[in-house]
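Student: Please take me through one part of this model in detail. I would like to follow the sheet and the core beside it, then place the rest around them.

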Amino acid sequence: MDLIGKKVKHNKFGEGVITQQDASYVSVKFVTEADPKKFMYPSCFKTFLKLLDAEAAAQTDATVKQHEDQERKKKQQAMEEAEARRFAKKMQETSSKSGKTVELRPFNSVADFCNEYKRATTAEIVYLKTTGGKRQHIFDGKRIEVKNGRYVYTFEADDELTYPEGTQISIWQGDTSIAGHIVGC
């Protein structure tokens, strides 16, 4: 929005006219001052200057709000990137203490981190589908229900298992396997 020639009011300098404007600054020539004063645009209209033209003031308020939203997004992205760097550093320190070698590299942005996370998760899913995942030893199977040709069994396990409901499983006995899913764990 072109503000050159618009009248403004400042608490200290009084009334003036905008003489120059660019993407970052506006210059105002005040009646009480010999030289024009320079203010950061558009934030100056939130704190220092008030446009006397109501229509221009409304449009400038929208520009100020848009500028504040952009600044808020930049700060949020910077916080997310800092958190990702802290996480990577913590993981590197943890891996150093455990004696395992883990290569960690900083991410350029949160979007890069998310893309890498998706890639790693997909790779893990493919690996689990092709290798069959981890085998658990279960025993003392007891049938507790038969419904519509489906069987529900309960088992004991050596370890505490915490699989979510609906997890697909294969129950092996020797070379024979039966497909199923977990009803509760």
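Tutor: Begin with a contact set. Neighbours within four places in sequence aside, E81 is in contact with N108, S109 and V110. E81 belongs to helix 2. It counts as buried, because its relative accessibility is 19% and the cut-off for buried is under 20%. Keep in mind that this is a predicted model.

Now the sheet. Five strands make it up, and the sheet is open. Their order is 4-3-2-1-5, with antiparallel pairing. Strand 4 (37–40) and strand 5 (49–51) are the edge strands. Each of these two pairs on one side only. On average, neighbouring strands are turned by 40 degrees against each other, direction ignored.

Look at the strand 5 edge. Strand 1 (residues 7–10) and strand 5 run antiparallel, and three bridges join them. One pair to find is H10 and L49: L49 in strand 5 is the bridge partner of H10.

L49 also leads into the core. The largest nonpolar core has 16 residues. Those touching the most other members are I18, F39, F45, L49 and L51. Strand 3 (25–30), helix 1 (44–47), strand 5 and helix 2 (54–98) each give two or more residues to this core. As a general point, nonpolar side chains in soluble globular proteins tend to be buried together.

Take F45 from that group. Leaving aside neighbours within four places in sequence, F45 is in contact with L3, V8, I18, L51, T60 and V64. Two of these names, I18 and L51, are also in the list of core residues that touch the most other members.

Next, the hairpin of strand 6 and strand 7. Strand 6 (residues 138–147) pairs with strand 7 (residues 150–157) in the antiparallel sense, over seven bridges. I138 stands opposite A157 of strand 7. Two residues lie between the strands of this hairpin. There, N148 takes a positive phi near 55 degrees.

The hairpin strands bring us to the largest pocket. Its volume is about 1700 Å³. The lining holds 44 residues. Nearest the pocket centre are Q168, I169, S170, I171 and I182. Strand 6 and strand 7 each supply at least two lining residues, as do helix 3 (110–131), strand 8 (168–173) and strand 9 (176–181). Strand 7 gives the largest share of the lining, eight residues.

Technical notes: Residues are numbered from 1 along each chain as its sequence is written. This is a predicted model: local features need pLDDT of at least 70, side-chain atom pairs count only at pLDDT 80 or more; totals for chains, interfaces and linings use all residues. Side-chain values use heavy atoms; hydrogens and water are left out. Two strands pair if DSSP finds at least two bridges between them. Helices (H or I, at least four residues) and strands (E, at least two) are DSSP runs, numbered from the N terminus. Axes are lines fitted to C-alpha atoms, for helices over the stretch in contact, and angles run from 0 to 180 degrees between N-to-C directions. A nonpolar core is a set of buried Ala, Val, Leu, Ile, Met, Phe, Trp, Tyr and Cys residues joined through side-chain atoms within 4.5 Å. Buried means under 20% relative accessible area, exposed over 50%, partly exposed in between (1.4 Å probe, protein chains only). Contact means heavy atoms within 4.5 Å. On a 1 Å grid over the protein atoms alone, a cavity is a set of points where a 1.4 Å probe fits but cannot get out, and a pocket is an open set with protein on both sides within 12 Å along at least five of seven lines; lining residues have an atom within 4 Å of a point. Grid points are joined across faces, edges and corners, and a volume is the space filled by probe spheres set on the points.
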